[in-house]
Amino acid sequence: MDGNTPINVFERQFSQREASELAGTPMPTINNWLKRGAFKLPETEPASEGTRRRFFSIADIAKLHAMRFCTEHLEISPEAAAIASSGIADYFAGNIREIV
């Protein structure tokens, strides 16, 4: 990248493991939130052996981080944290677009 390449914060390019590491949110927690519907992703691509690979965007990672903060520090449910973190992630994503 030469510094002038725009960043698409909504492009799903990070594996679940990478998203977990970047957001500081354990993989079992992400799996739990996905299973419960507290965190939603669009349909995933089939991978080998009938499994599905999940990919996350920068905006998704920001939301995961915010959800973790809300559940750990504010002690609110993951469902409530998802609502709160959506606004945070949207704000973050909007500001990133203005910077590049």
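Modeller: A residue is called buried when its relative accessible area is under 20%, exposed when that area is over 50%, and partly exposed in between, with a 1.4 Å probe and protein chains only. This is a predicted model, in which local features need pLDDT of at least 70 and side-chain atom pairs count only at pLDDT 80 or more, whereas totals for chains, interfaces and linings use all residues. Residues are numbered from 1 along each chain as its sequence is written, and side-chain values use heavy atoms, with hydrogens and water left out.

Colleague: Is Ser20 then buried or exposed, and what value decides the matter?

Modeller: Ser20 has a relative accessible area of 10%, which falls under the 20% limit, so Ser20 is buried. Ser20 lies in helix α1, where helices (H or I, at least four residues) and strands (E, at least two) are DSSP runs numbered from the N terminus. Leaving aside neighbours within four places in sequence, Ser20 is in contact (heavy atoms within 4.5 Å) with Thr25, Pro26, Met27 and Ile30.

Colleague: How many helices and strands does that rule give, and in what order do they run?

Modeller: The protein chain comes to 4 helices and 4 strands, and from the N terminus on these elements run β-α-α-β-β-β-α-α. Buried residues make up 33% of its 100 residues.

Colleague: What makes a set of residues a nonpolar core, and which members of the largest one touch the most others?

Modeller: A nonpolar core is a set of buried Ala, Val, Leu, Ile, Met, Phe, Trp, Tyr and Cys residues joined through side-chain atoms within 4.5 Å. The largest such core has 15 residues, of which Trp33, Leu34, Phe39, Phe56, Leu64 and Met67 touch the most other members. The elements that give two or more residues to this core are α1 (16-23), α2 (27-36), α3 (58-73) and α4 (78-99), and α3 gives the most, with 4 residues.

Colleague: Why are the rings of Phe39 and Phe56 called a pair, and is that pair stacked or edge-to-face?

Modeller: Rings of Phe, Tyr and Trp (its six-membered ring) pair if their centres lie within 6.5 Å, and planes under 30 degrees apart count as stacked, over 60 as edge-to-face and the rest as tilted. The two ring centres lie 6.2 Å apart and the planes stand at 25 degrees, so Phe39 and Phe56 pair and the pair is stacked. The structure holds 1 aromatic pair, which links distant parts of the chain, with Phe39 in the loop between α2 and β2 (45-46) and Phe56 in strand β4 (residues 55-56), 17 residues apart. Phe39 is buried, with a relative accessible area of 1%, and Phe56 is likewise buried, at 0%.

Colleague: How do you know that the span of α3 is close to the one expected?

Modeller: The expected span of a helix is 1.5 Å times one less than its number of residues. For the 16 residues of α3 the expected value is 22 Å, and the reach from its first C-alpha to its last is 22 Å, close to that expectation.

Colleague: What makes Ser57 a cap of α3, and which side-chain links does Asp60 have?

Modeller: A polar contact is a pair of N or O atoms within 3.5 Å; within protein, one must be able to donate a hydrogen and the other to accept it, and residues adjacent in sequence count only if both atoms are side-chain atoms. Ser57 caps the N-terminal end of α3, with a side-chain oxygen 3.3 Å from the backbone nitrogen of Ala59, a distance that falls within the limit. The side chain of Asp60 reaches the backbone nitrogen of Ser57 at 2.9 Å, and a polar contact of 3.0 Å joins the side chains of Asp60 and Arg12. Asp60 lies in helix α3 and, at 8% relative accessibility, counts as buried.

Colleague: Is Thr71 buried, exposed or partly exposed, and how does Glu75 compare with the exposed limit?

Modeller: Thr71, found in helix α3, has 21% relative accessibility, which lies between the two limits, so Thr71 counts as partly exposed. A polar atom of the Thr71 side chain lies 3.1 Å from the backbone oxygen of Arg68. Glu75, in the loop between α3 and α4, stands at 69%, which is over 50%, so Glu75 counts as exposed. Glu75 also has a positive phi of about 55 degrees although it is not a glycine.
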